[in-house]
Amino acid sequence: MYSLGGIRSLPANWRSTTASMTTTESVRKVPQVLTVAGSDSGAGAGIQADLKVCAARGVYCASVITAVTAQNTRGVQSVHLLPPEFVSEQLKSVLSDFEFDVVKTGMLPSTEIVEVLLQNLSEFPVRALVVDPVMVSTSGHVLAGSSVLSIFRERLLPIADIITPNVKEASALLGGVKIETVEEMRSAAKLLHEMGPRFVLVKDFKTFVECGTLLLAELAKGSSMLSAVKVAKRFVDNALDYSKDIVIGTGKQGPFDHFFSLKKDPQSSRCSIFNPDDLFLYAVTDSRMNKKWNRSIVDAVKAAIEGGATIIQLREKEAETREFLEEAKSCVGICRSHGVCLLINDRIDIALACDADGVHVGQSDMPVDLVRSLLGPDKIIGVSCKTPEQAHQAWKDGADYIGSGGVFPTNTKANNRTIGLDGLKTVCEASQLPVVAIGGIGISNAVSVMQINTPNLKGVAVVSALFDQECVLTQTKKLHKTLEESKKEV
Ligand SMILES: Cc1ncc(COP(=O)(O)OP(=O)(O)O)c(N)n1
Ligand SMILES: Cc1nc(C(=O)O)sc1CCOP(=O)(O)O
Ligand SMILES: [Mg+2]
């Protein structure tokens, strides 16, 4: 949950001053961040988590330690505060040397430590400040007492670009107000926003652990605040999902695996990076429609993402290979910066050449097992299925999801057999893979599709209802809203 506004944009020509180059070679741009936080001996939170997340997201992370905790998966056993003078020495050391894109604060356990932080930030102004007002550990241990509340409210929050309190911390900052419902979280965010930070993200305990760290890494790479929040949420969801079966420690607070995306899924020897919920609003582009409305593929993709599309497929049946490749590369960049997956229809060569996140193939395209061997374990593969048998084969061949339709008659694909809502339901019930419905779906009938209400049906894939339209942004927003409302009804 966040309030709206814009983060200071970083200068386009910034570069690391630490890399000293004596030749005319170009200097490689490495996003750099600083975390000012406590050490967690269990390595699930604090400095250790920040270092791991930044490494996983390709960002250089320096660290200033404010406190050392004896902590494991069962809880926090003891806390040792570092002398404020020594925290100050660490801050001066790194702030005088590096050019940080973003500084994030975590555990600031005493007023004196907050004072030295503020003093150093005034001497070495930073480009963006993320404040995670850590006060209570996930296990419930108090990490910063109420003595820090007034300096947080009066001096730290007003200079933050974003603050990311959990519900307990938000409540403490607001003098103990009750925050239990989403509506109460929204009101709390608004009240905290009035204290001066440019954005407020109030986290619940389940879905937004580690969010502040992740924002740090994405903002350092130049993402907008909203994109950074979306990427953070996707990363956390995937990491939690990956970590649910692994055992670390004996307590309830098993740390999640920050390096999940580098690991193999033992079930399938593939990386488990695909999130089936991404199929919710699947925008499939069409070259004829883009031409008709005189827009580029890139503009079509940008508008769809802005409108709320959760995954994109480039289905450009008539595009010239070279031109298509260049456009696909641009689209990959746009999609990555928004944390949205991009798939290519039919063209495995284009998908490989532009490093897309995956492909969608049909029953008469290249067989899925061969596609898998060409693309490797990490890429997403979708396959069109009209029957339970095809769905079963898709699963055996290593696909990640199936597209099932045509649910309704369509003009977009010639001679396409319509399977209807009953056919869709039959495929969904038989499928071992998540399903996205396709064919003739738009704002007027999307609810009837989602109402078949089988757990495997994750969303709708749409071409003409988004792209054979004057304004892709408006239509995508409308469809997104319709789908969100249908979720509540189901
Ligand atoms: C999400 C999704 N589902 C089905 C299709 C159709 O793929 P295919 O059967 O290969 O037909 P073409 O799109 O290639 O004409 C799809 N593209 N996307
Ligand atoms: C590309 C495609 N595949 C289908 C299938 O049934 O597998 S139907 C279809 C066209 C979907 O376009 P629209 O949203 O404009 O109806
Ligand atoms: Mg195809």
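Y282 is buried, with a relative accessible area of 1%; buried means under 20%, exposed over 50% and partly exposed in between (1.4 Å probe, protein chains only). The structure is a predicted model in which local features need pLDDT of at least 70 and side-chain atom pairs count only at pLDDT 80 or more, while totals for chains, interfaces and linings use all residues. Residues are numbered from 1 along each chain as its sequence is written, chains are lettered from A and ligands numbered from 1 in the order in which they are written, and side-chain values use heavy atoms, without hydrogens and water.

**Exercise 1. Aromatic pairs**

Determine how many aromatic pairs the whole structure holds, and describe the geometry of F98 with F100 and of Y282 with Y401.

Solution.
1. Rings of Phe, Tyr and Trp (its six-membered ring) pair if their centres lie within 6.5 Å; planes under 30 degrees apart are stacked, over 60 edge-to-face and the rest tilted.
2. Searching the whole structure gives three aromatic pairs.
3. F98 and F100 have ring centres 5.2 Å apart and planes at 10 degrees, so this pair is stacked. F98 is buried at 18% relative accessibility, and F100 is buried at 6%.
4. Y282 and Y401 form an edge-to-face pair, with 5.9 Å from centre to centre and 65 degrees between the planes. This pair links distant parts of the chain, since Y282 belongs to strand β8 (residues 281-284) and Y401 to strand β13 (residues 401-405), 119 residues apart. Helices (H or I, at least four residues) and strands (E, at least two) are DSSP runs, numbered from the N terminus.
5. Y401 is buried, with a relative accessible area of 0%.
6. Ring pairs also join Y60, F98 and F100 into a cluster.

**Exercise 2. The magnesium site**

Identify which residues coordinate the magnesium ion (ligand 3), and establish why the pair ties together separate parts of the sequence.

Solution.
1. Donors are N, O and S atoms within 2.8 Å of the metal (3.2 Å for Na, K and Ca); water is not among the atoms, so sites may look incomplete.
2. D346 (OD) and D365 (OD) coordinate the ion at 2.0 to 2.1 Å.
3. D346 lies in the loop between β10 (341-345) and α12 (348-354), and D365 in the loop between β11 (358-361) and α13 (368-375), so the pair connects parts that are 19 residues apart in sequence.
4. D346 is partly exposed, at 23% relative accessible area; D365 is partly exposed at 27%.

**Exercise 3. The surroundings of ligand 2**

Describe the contacts and the cover of ligand 2.

Solution.
1. Ligand 2 has 14 residues around it, of which G406, T410, T412, G440 and S464 come nearest; a residue counts if one of its heavy atoms lies within 4 Å.
2. The shell comprises three nonpolar, eight polar and three charged residues.
3. An N or O atom in the side chain of T412 is 2.5 Å from an oxygen atom of ligand 2, and a polar side-chain atom of N416 is 2.9 Å from an oxygen atom of the ligand.
4. Of the 420 Å² of accessible area that ligand 2 has on its own, the protein covers 94%.

**Exercise 4. Backbone features**

Locate a cis peptide bond and a residue other than glycine with positive phi.

Solution.
1. The cis bond joins G405 and G406, with omega about -10 degrees.
2. G406 is placed in the loop between β13 and α15 (420-430).
3. N294 has phi near 55 degrees. N294 occupies the loop between α9 (287-292) and α10 (297-307) and is exposed, at 73% relative accessible area.

How values were computed:
A polar contact is a pair of N or O atoms within 3.5 Å; within protein, one must be able to donate a hydrogen and the other to accept it, and residues adjacent in sequence count only if both atoms are side-chain atoms. Accessible areas come from the Shrake-Rupley method with a 1.4 Å probe; for residues, only the protein chains shown count as cover. Ala, Val, Leu, Ile, Met, Phe, Trp, Tyr, Cys and Pro count as nonpolar, Asp, Glu, Lys and Arg as charged, and the others, Gly among them, as polar.
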